[in-house]
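Hi,

Here is the structure I promised to pass on. My notes on it follow below.

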Amino acid sequence: MNTYIVLFAYEQLKISIFLSGILLVISEVSGTVGRVAWGIISDRLFEGKRVVILMIISIITALASTSAAVITSAPFWVMVPITALFGFAASGFNGIWMNLASELVPKEQAGISSGISITLGSAGAIIIPPLFGLIVDKTGQFSSGWFLITGMMFIVFTLLTALSIMNKKNNFVI
């Protein structure tokens with residue numbers, strides 16, 4: 001999202017380059033707030049149930065990316081809450097994800113679990129933006145790229161659901 005929000009806002013929505021840049025700032029600040037807020041939400045409201053929080057984050061991200069996909073024209077003020085929500089979820093999930101990675105395994109395997117998790121996450125950060133760009137270039141529409149993100153969130157949600165079911169069978173609450 002952060003890679004393409006400026007181009008999307010400037011090229012498709014015809015928002016000035018300055019205000020498009022402000023959307024990037026809004027996304028980044030929202031992601032920073034999200035990292036802290038999701039931790040508080042997870043610990044205080046959901047008793048540390050990280051999978052549920054990641055499921056909520058995947059739903060919010062899917063809704064925000066779908067919103068971006070269907071918008072063909074919008075003023076800056078319409079994009080502010082969408083961008084803020086998108087950043088809050090899509091850029092704010094990291095702390096919850098890393099805690100979950102270390103909590104899913106015995107304590108002596110927490111380091112390797114975190115390492116594998118961050119390696120896979122970093123691979124996604126390297127692969128997805130160029131794929132998003134290629135899709136936009138081939139289709140000529142940003143909506144195709146945003147729908148890619150939505151589709152990925154459906155996959156994430158499905159995997160988290162399977163993880164939750166597996167853990168309930170093993171009486172392990174996460």
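**What turned up**

Isoleucine 17 sits in helix H2 (helices are DSSP runs of H or I, at least four residues, numbered from the N terminus). Together with Tyr10 and Phe18, Ile17 makes a nonpolar surface patch with about 350 Å² of accessible area. Patch members have over 30% relative accessible area and no salt bridge (Lys or Arg side-chain nitrogen within 4 Å of an Asp or Glu carboxyl oxygen), with nonpolar side chains joined within 5 Å; areas are Shrake-Rupley with a 1.4 Å probe.

Bear in mind that this is a predicted model, where local features need pLDDT of at least 70 and side-chain atom pairs 80 or more, while totals for chains, interfaces and linings use all residues. Numbering starts from 1 along each chain, and side-chain values use heavy atoms, without hydrogens or water.

There are 7 aromatic pairs (ring centres within 6.5 Å; planes under 30 degrees apart are stacked, over 60 edge-to-face, the rest tilted). Phenylalanine 8 and phenylalanine 142 have ring centres 5.5 Å apart and planes at 65°, so they count as edge-to-face. Phenylalanine 8 is in helix H1 (residues 5–12) and phenylalanine 142 in helix H7, so this pair ties together parts 134 residues apart in sequence.

Cheers

Notes: Patches are made of residues with over 30% relative accessible area and no salt bridge: like charges are joined within 9 Å, nonpolar side chains (Val, Leu, Ile, Met, Phe, Trp, Tyr) within 5 Å. Helices (H or I, at least four residues) and strands (E, at least two) are DSSP runs, numbered from the N terminus. Rings of Phe, Tyr and Trp (its six-membered ring) pair if their centres lie within 6.5 Å; planes under 30 degrees apart count as stacked, over 60 as edge-to-face and the rest as tilted.
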